[in-house]
Amino acid sequence: MKKDTLGMLVSGLCLVHCLATPLVLAFGGLGMLGAALENEWIHLALLVPVLLLALSSFPIACLQHRRPAVMTSGFAGVVILILALVLGLEGHWELLASTVGAGLLVSAHWVNRRLLCVASVDQIANRGTNTEGNDATVQDRCFH
């Protein structure tokens, strides 16, 4: 679950970068900040942890919760981000691709985290320990 929390954070940073860069540049670029945000290295610096977290989180989690659609949507987000970088998309197309890709990743990590939490609570309940108040436990552990 920690990988999914980190994945949401890094993917969220990617999304903020994609949305904030055009605004910063529209307001005069703000000097070095505008140049730094527009630099391709920042895309790589964000993409590497996004990719590593997706690879280390989704396949293992899919084996536990058995919902391949979550992994598929997460990897679709990664592929979209990689294609935006490799194809050198610019302007509105880059913004669209990056927003969709990062949005898919944040959503997939969020759903993945919830499914893993529910699966772990179910495993505890199935072992016969802590079966009383199981619904409250699920809500307390998984949906806050």
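I began with Phe75 and looked up its exposure: at 23% relative accessibility it counts as partly exposed. The cut-off for buried is under 20%, so Phe75 at 23% does not fall in that class. A reminder to myself: this is a predicted model.

Next I turned to aromatic pairs. How many does a search of the whole structure find? The search gives one aromatic pair. Its members are Phe58 and Phe75, with ring centres 5.8 Å apart and planes at 80°, so I noted the pair as edge-to-face. For that label the planes must be over 60 degrees apart.

Where do the two rings sit in the chain? I found Phe58 in helix 3 (residues 40-65) and Phe75 in helix 4 (residues 68-86), so the pair ties together parts that are 17 residues apart in sequence.

I then checked the partner ring. Phe58 has 1% relative accessibility and therefore counts as buried. So my pair joins a buried Phe58 to a partly exposed Phe75.

With the pair settled, I stepped back to the whole chain. I counted six helices and zero strands, and from the N terminus on the order reads α-α-α-α-α-α.

I also looked up burial for the chain: of its 144 residues, 34% are buried. The exposed surface comes to about 8700 Å², and I noted that carbon and sulfur atoms supply 70% of it.

My last look-up was contacts. Taking those in the chain with a separation of 6 or more, I found that 71% are between residues 24 or more positions apart.

Definitions and conventions:
Residues are numbered from 1 along each chain as its sequence is written. This is a predicted model: local features need pLDDT of at least 70, side-chain atom pairs count only at pLDDT 80 or more; totals for chains, interfaces and linings use all residues. Side-chain values use heavy atoms; hydrogens and water are left out. Helices (H or I, at least four residues) and strands (E, at least two) are DSSP runs, numbered from the N terminus. Buried means under 20% relative accessible area, exposed over 50%, partly exposed in between (1.4 Å probe, protein chains only). Contact means heavy atoms within 4.5 Å. Accessible areas come from the Shrake-Rupley method with a 1.4 Å probe; for residues, only the protein chains shown count as cover. Rings of Phe, Tyr and Trp (its six-membered ring) pair if their centres lie within 6.5 Å; planes under 30 degrees apart count as stacked, over 60 as edge-to-face and the rest as tilted.
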